[in-house]
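This report concerns a pair of packed helices and the enclosed empty space in one structure. Please view the model before reading on.

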Amino acid sequence: MSFWLLAFCFIALFLLPLAIGLFGTLLPALNYLPSLGHNELSTTAFSTLFNHPTTFSATWLTLRVGWISTFISLCLALFLFACFYLRPGWRWINAALSPVLAIPHAALAVGLSFVIAPSGWLLRLTSPALTGFDYPPNWQTTQDPWGVSLILLMVLKETPFLLLMLLSAAKSVPIKQTITLAQSMGYHSSIAWLKLVLPQLLPPLRLPICAVLAWSLSAVDVSVILGPSTPPTLSVLVYSWFNDADIALRLQGAAGAIWLLGLNLASIAVLFVLPRIAWPWLQGWLVNGQRRGLLSHINKLGTAVAVSYLILIISSLFVLAIWSITKQWRFPDPLPSQWRLSYWQQTLDQFSPTLINSLSLALLSAAIALLLSVVILELETRQAQIAKHRANPLRYVALFYLPLLIPDIAYLFGIQVSLVFASLDGQYLPLLWGHLMFVLPYCFLSLAPYYRRFDSRYWHQAMLLSGSPWRSFFQIKLMMLLPALFSSLALGFTVSMTLYLPTLFIGGGRFPTLATELVALVAGADRRLIAVYALLLQGLPLLMFVAALALPRIIFRHRKGMRI
């Protein structure tokens with residue numbers, strides 16, 4: 001009973017504010033907000049929303065960008081996984097996953113815009129020799145009305161996450177044996193992947209794919225940087241209503257947030273229904289006995305796709321480093337003509353509170369989330385031992401995906417209103433709690449597979465030798481799980497560093513962080529200052545991941561069996 005009570009408390013730690021936030025947004029959406037003089041429930045806000053000339057165009061843009069980016073990311077992840085898994089090249093891709101995942105969305109969006117913009121580095125490197133341009137062309141390669149640049153950014157960020165989820169799912173699927181058996185029957189390896197391996201990998205990916213789709217439909221920070229502005233995506237439109245000087249637009253914004261929530265839930269429902277609809281059509285193809293096809297000849301494209309992907313990521317980061325130390329850089333020069341470091345000093349001298357806020361929130365929320373994850377996973381392990389290894393009936397894990405599946409703008413306004421009523425708005429502890437709501441699911445979901453696979457025989461042997469459960473837990477179990485603990489901590493740190501809307505809504509704008517300042521600067525500040533902030537935002541999480549990989553090697557340098 002104690003396990004269930006504590007598990008409920010830990011889950012309520014972030015699910016209760018989520019429920020309060022949704023309720024607090026739904027009431028204003030139904031025209032009930034006493035502080036503004038609206039005391040009767042009605043659908044006026046929704047009528048105003050749907051009569052707004054931008055609502056449906058923004059909705060269509062949001063659906064198009066979200067679905068296309070998710071579909072391309074999934075196809076690209078599956079293609080790269082099939083091309084490289086169980087082959088020598090997979091070692092390099094696997095090593096690149098953590099650094100790429102450590103890059104914050106906003107920082108990568110800024111770097112990508114500096115590469116593909118009409119005056120970006122790509123045209124600087126090819127002009128005028130290949131293009132003939134002496135001046136930037138009148139192209140709209142960023143914030144284009146079709147959302148192509150935004151889709152490209154989302155694909156760059158979502159593909160590594162899906163690859164990581166594929167790697168986790170592959171541990172429960174006998175891929176090598178399946179491919180070998182299929183090849184012995186004359187099937188080409190690519191056809192074996194499609195017909196035999198892929199149907200086993202997709203079911204565990206349902207929730208991660210839903211999380212990717214939900215983020216693509218509701219992202220605000222990257223949509224502000226790379227997304228179109230006429231119309232903007234629906235999330236940016238709703239955010240602009242919440243920020244408008246006319247406070248009456250808060251009701252319209254709340255209705256828009258509920259509308260965005262409905263789009264997300266409908267999209268996730270469609271995602272679950274699609275396999276059932278497609279199954280009768282695919283079943284015949286799966287059993288038609290065809291052993292070769294067009295896909296048998298495109299395996300060689302995998303290397304080209306992977307190299308192109310890495311080049312785009314690296315160039316987006318490298319151009320930020322160049323702009324951060326630039327004094328003068330005229331188009332179409334490939335490199336600056338004059339260099340200067342003063343922007344770094346200016347940023348570090350004047351904006352140290354921003355760095356302190358970012359670091360303190362990230363470190364504290366990640367540490368608390370890691371502690372809570374360890375406690376609940378250890379209680380789960382003890383409960384399973386008491387149940388004598390019977391099938392574990394726990395279903396709470398899916399609840400950790402809820403904050404990832406619901407648009408944060410749909411409940412952050414409600415949380416903000418609740419904090420105002422409780423006189424807690426703009427304070428540090430509620431803001432830390434807000435960060436913890438987003439960090440805890442990532443820490444738990446990243447740590448849980450390693451914790452559950454821990455060989456309990458080490459624990460029993462330690463108990464025989466020491467007789468102390470606490471010594472066995474701290475000196476044996478936690479030490480053997482140290483690499484996974486460090487990785488989970490680094491991931492939580494990265495998630496907190498990238499939080500934009502939670503910091504603004506819950507912090508009331510009183511706690512500027514690198515993420516909030518970077519998005520604010522993109523509107524019109526100097527590229528050099530933007531580059532400094534983007535590098536700081538991406539550099540700190542990257543240092544955490546490097547430390548997470550290096551510390552276990554240092555700690556276990558004299559223990560060969562513990563090296564990773």
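At what angle do helix α3 and helix α12 pack, and how far apart are their axes? This is a predicted model, in which local features need pLDDT of at least 70 and side-chain atom pairs count only at pLDDT 80 or more, while totals for chains, interfaces and linings use all residues. Residues are numbered from 1 along each chain as its sequence is written, and side-chain values use heavy atoms, without hydrogens and water.

Helix α3 (residues 55-84) packs against helix α12 (residues 234-243) at about 135°, and their axes are 8 Å apart. The two helices are therefore oblique to each other (not under 35 degrees, over 145 or from 65 to 115). Thr-55, Ala-58, Thr-59 and Thr-62 of α3 meet Leu-234, Leu-237 and Trp-241 of α12, where contact means heavy atoms within 4.5 Å.

The whole structure holds four cavities of 30 Å³ or more; a cavity is a set of points on a 1 Å grid where a 1.4 Å probe fits but cannot get out. The largest cavity has about 130 Å³ of space. Among the residues that line the largest cavity are Leu-80, Ile-93, Thr-159 and Tyr-309, lining residues having an atom within 4 Å of a point. Helix α4 (90-101) is one of the elements that give two or more residues to this lining, and α4 provides the largest share, four residues.

The table gives both sets of residues by class.

| Set | Nonpolar | Polar | Charged |
|---|---|---|---|
| Contact of α3 with α12 | four residues | three residues | no residues |
| Lining of the largest cavity | 10 residues | one residue | no residues |

Notes. Axes are lines fitted to C-alpha atoms, for helices over the stretch in contact, and angles run from 0 to 180 degrees between N-to-C directions. Ala, Val, Leu, Ile, Met, Phe, Trp, Tyr, Cys and Pro count as nonpolar, Asp, Glu, Lys and Arg as charged, and the others, Gly among them, as polar. On a 1 Å grid over the protein atoms alone, a cavity is a set of points where a 1.4 Å probe fits but cannot get out, and a pocket is an open set with protein on both sides within 12 Å along at least five of seven lines; lining residues have an atom within 4 Å of a point. Grid points are joined across faces, edges and corners, and a volume is the space filled by probe spheres set on the points.
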